[in-house]
Every structure is written in structure tokens, then in C-alpha cells.
There are 2 protein chains.
Amino acid sequence: MKEITQTLRENGLKVTPQRIAIYNMLLETHAHPTAETIYKTLSPQHPAMSLATIYKTLDFFKQVGLVQELNVGESSSRYDAMVTPHPHLICTHCGKVEDLMIDELSHLHQKLPQDIGFDITFEQLLFYGICHSCKEKEA
Amino acid sequence: MKEITQTLRENGLKVTPQRIAIYNMLLETHAHPTAETIYKTLSPQHPAMSLATIYKTLDFFKQVGLVQELNVGESSSRYDAMVTPHPHLICTHCGKVEDLMIDELSHLHQKLPQDIGFDITFEQLLFYGICHSCKEKEA
DNA sequence: TATTAAATAACAATAATTATTGATTGAGGA
DNA sequence: TCCTCAATCAATAATTATTGTTATTTAATA
């Protein structure tokens with residue numbers, strides 16, 4: 001709680017209940033929710049909050065480095081409060097997205113040759129496949 | 001030319017001028033165009049072709065394995081006729097997307113531990129940064 | 001060439017996201 | 001503490017990418 005209020009203030013953003021609610025929800029889940037999911041989850045406690053507020057808040061958070069946006073090829077973006085670089089596993093059957101904390105696959109830009117002519121600032125590694133529980137159901 | 005007609009026929013799809021035009025355009029470019037870009041590029045020679053046809057054709061091609069869809073976080077998808085797995089470089093300044101043919105970074109799923117509980121079918125590695133020409137302009 | 005099933009173009013519809021706008025809030029100074 | 005003003009809020013409208021729908025056209029095959 002202290003971290004977010006501090007981070008917001010440091011970046012000249014106001015600390016509002018909406019922003020705190022969104023950030024806390026992202027901290028508590030590992031499900032990489034979409035804006036829509038966040039909206040539905042928070043609706044009971046924040047019935048007045050609009051979807052546009054979620055989008056704007058997530059956009060602020062992204063700029064400030066509190067969350068990372070994740071685009072795995074679905075129609076909508078997902079959001080992750082774990083901002084250190086790490087690969088993701090995506091089940092193409094149920095849509096589940098999992099974090100993968102493997103150091104060897106988390107800093108691949110270091111393995112790039114010098115002459116590619118790009119200054120790399122960020123990397124994203126996605127693995128698509130079928131998760132265990134979906135595979136069991138199919139069998 | 002032979003390859004696409006053959007592939008389409010093998011998959012029970014009709015060979016039409018539109019499909020051939022779209023596939024040839026993708027073979028000739030390395031720019032990873034969007035549906036909209038393909039549409040505009042082909043309009044002069046195929047003024048009657050509709051955007052919906054492009055989308056549907058790209059969808060067929062994807063299913064059949066003639067192209068791969070590429071989602072780098074923009075609002076629209078890009079398409080690549082190079083279907084062997086390879087990383088991509090994205091310039092966050094001008095939006096350019098380049099192929100990166102590096103074997104070491106093209107089969108990373110082989111480096112995954114056995115116990116992740118996923119059957120991986122596809123991987124995508126994206127590097128975001130500033131390209132050389134954008135960097136020069138900024139300086 | 002005639003037949004038939006699939007593909008096309010035109011247009012409508014949907015869904016995600018963004019822009020706009022008037023109302024509200026809260027930090028800083030009197 | 002109260003006032004003022006700029007920033008933020010929520011609601012709504014607008015935009016944009018993509019996908020259905022359908023009548024018409026076309027490619028494949030006999």
C-alpha cells in the first residue's frame with residue numbers, strides 16, 4: 001500500500017481509491033486480467049467506476065512502470081503487476097496465462113549480436129501450447 | 001507460385017486471383033504489413049477487392065500455415081510469410097518490424113524444464129527498442 | 001459448357017479502446 | 001479553516017479493427 005501511494009506521488013499522480021483498488025487487485029492475482037475483467041471484479045466494491053477509468057489508470061501505471069501490458073494475440077490486452085522481465089506461458093485452449101520465472105530466458109537481449117542496429121529496451125518471450133488440465137480433459 | 005496453388009488445393013481451398021495476389025505481396029515484402037496495408041497496396045491492381053476478403057484470406061492462410069500472425073502490441077495484427085520460427089525486432093519509435101534470423105534464439109522451448117505442465121506448440125520472441133535510423137534522427 | 005460448392009464484395013454489426021465533456025475533488029495559499 | 005483553480009473523475013460519444021451476413025460471382029470438375 002505504501003509503495004503505490006509513494007510511487008504515484010513521486011510521479012505527480014493523485015492517489016485515488018480507484019487507483020489503489022486497481023493496483024491492489026493486480027498485486028493479488030496471477031491471472032493477468034484484462035481491463036474488462038478488472039472492471040467486473042471491482043464493480044461490487046466500486047459500482048460507480050467506469051471502464052474508461054480502468055483504461056486510463058492502467059495507461060498511467062504503464063507509463064510509471066507499475067504494471068506491464070501483455071499482448072498474447074487476443075483481442076484485448078492483459079496486465080501484470082510483476083514488472084521484472086519474464087517469459088509467459090499461454091494455453092491456446094483455455095486462454096490461461098502463466099508467469100515463468102526462469103533467469104536463463106529472462107535476459108535474452110544480452111545474447112543478441114552487437115550489429116543488429118537496435119537499442120533494445122524491452123523483451124517479451126511467449127510460449128503457446130496446451131496446459132496440463134486442458135490436455136487431461138481432452139484425453 | 002506453384003507452392004501456393006498446391007498448398008491451397010491440398011487443403012481443399014480454391015485458387016483465386018485475390019489469394020495469389022495477397023500471398024505474393026507477403027512473399028515480396030519484409031515489412032510485416034497489416035491487413036489495412038495489404039489492402040492499400042493491392043488496391044491499384046485489384047480495385048474491387050474488399051478488406052473483409054483480406055481478413056478472411058489471411059485467416060485461411062494462417063490455418064493452413066502459409067503465414068504467421070504477429071502481434072507486437074499495436075492496435076492491429078501484422079502478417080509474415082516467413083513461417084519458420086524466428087524472433088522479431090520492433091522499433092518503438094517508427095513501428096518498423098524486422099526479422100531476426102538467429103538459430104540460438106529460435107528454438108527456446110527446447111530449453112524449458114520438463115515439469116512446466118505445458119505442451120508447447122509455438123513460441124514468439126519480441127525485442128523492443130529504437131532502431132538505428134530513428135536514433136540518428138533524435139541525436 | 002453446365003453444375004455446384006466455395007469465394008467474393010458490399011454492407012452491417014460488434015467489440016475494444018480512446019476522446020470529450022461537464023462535474024467533482026483536493027492541494028496550497030489567504 | 002476557507003477559497004480557488006487545476007487536475008482527475010465518470011459518463012457518454014466516437015473511433016477503429018475486425019467479423020458476420022447475404023446476394024452475386026467464380027473456380028473446379030464432369
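# Briefing: two protein chains and two DNA strands

From the N terminus on, the elements of chain A follow the order α-α-α-α-β-β-β-β-β-α, which comes to five helices and five strands. The model is predicted, and every value below is computed from its atoms. Along the principal axes, the C-alpha atoms of chain A fill a box of roughly 45 × 45 × 25 Å. The points below take up the contact between chain A and chain B, and then the surroundings of DNA strand D and of DNA strand C.

**Contact between chain A and chain B**

- Chain A and chain B bury about 2,800 Å² between them, and 67% of this area lies on carbon and sulfur atoms.
- Of the area that chain A buries against chain B, 21% is supplied by Phe118(A), Phe127(A) and Tyr128(A), which is more than any other three residues supply.
- The contact draws 33 residues from chain A and 33 residues from chain B.
- Two salt bridges are counted between chain A and chain B, and in a salt bridge between these chains the side chain of Asp119(A) meets that of Lys135(B) at 3.1 Å, N to O.
- Between chain A and chain B there are also 13 residue pairs in polar contact, with both residues at pLDDT 80 or more.
- On the side of chain A that touches chain B, the elements giving two or more residues are β3 (88-91), β5 (118-131) and α5 (132-138) of chain A, and β5(A) gives the most, with 14 residues.
- By class, the residues on the side of chain A that touches chain B are 19 nonpolar, eight polar and six charged.

**Strand pairing across the contact**

- β5(A) is joined by 13 bridges to strand β5 (residues 118-131) of chain B, and the two strands run antiparallel.
- Within this pairing, Leu125(A) has Leu125(B) in β5(B) as its bridge partner.

**Surroundings of DNA strand D**

- There are 21 residues around DNA strand D, of which Thr16(A), Gln18(A), Ala48(A), Thr53(A) and Tyr55(B) come nearest.
- Sugar or phosphate accounts for 73% of the atoms of DNA strand D that are within 4 Å of the protein, while the rest belong to bases.
- An N or O atom in the side chain of Gln18(A) is 2.4 Å from a phosphate oxygen of DNA strand D, and a polar side-chain atom of Tyr55(B) lies 2.4 Å from a phosphate oxygen of this strand.
- Ala48(A) approaches DNA strand D through its backbone, with a polar backbone atom 2.6 Å from a phosphate oxygen.
- At least two residues of the surface near DNA strand D are supplied by each of α2 (17-28) and α4 (51-64) of chain A and α4 (51-64) of chain B.
- The surface near DNA strand D is made up of seven nonpolar, eight polar and six charged residues.

**Surroundings of DNA strand C**

- Around DNA strand C there are 18 residues, and those that come nearest are Tyr55(A), Thr16(B), Gln18(B), Met49(B) and Thr53(B).
- Of the atoms of DNA strand C that come within 4 Å of the protein, 75% belong to sugar and phosphate.
- A base nitrogen of DNA strand C is reached by the side chain of Lys14(B), in which an N or O atom is 3.2 Å away.
- Ala48(B) has a polar backbone atom 3.3 Å from a sugar or linking oxygen of DNA strand C, whereas the polar backbone atom of Ser50(B) is 3.3 Å from a phosphate oxygen of this strand.
- The elements that contribute two or more residues to the surface near DNA strand C are α4 of chain A, together with α2 (17-28) and α4 of chain B.
- The surface near DNA strand C divides by class into six nonpolar, seven polar and five charged residues.

Terms used
Residues are numbered from 1 along each chain as its sequence is written. Chains are lettered from A and ligands numbered from 1 in the order in which they are written. This is a predicted model: local features need pLDDT of at least 70, side-chain atom pairs count only at pLDDT 80 or more; totals for chains, interfaces and linings use all residues. Side-chain values use heavy atoms; hydrogens and water are left out. Contact means heavy atoms within 4.5 Å. Buried area is the accessible area (1.4 Å probe) that two parts lose on being put together, summed over both. A salt bridge is a side-chain nitrogen of Lys or Arg within 4 Å of a carboxyl oxygen of Asp or Glu. A polar contact is a pair of N or O atoms within 3.5 Å; within protein, one must be able to donate a hydrogen and the other to accept it, and residues adjacent in sequence count only if both atoms are side-chain atoms. Helices (H or I, at least four residues) and strands (E, at least two) are DSSP runs, numbered from the N terminus. Ala, Val, Leu, Ile, Met, Phe, Trp, Tyr, Cys and Pro count as nonpolar, Asp, Glu, Lys and Arg as charged, and the others, Gly among them, as polar. Two strands pair if DSSP finds at least two bridges between them. A residue is near a molecule or strand if one of its heavy atoms lies within 4 Å of it.
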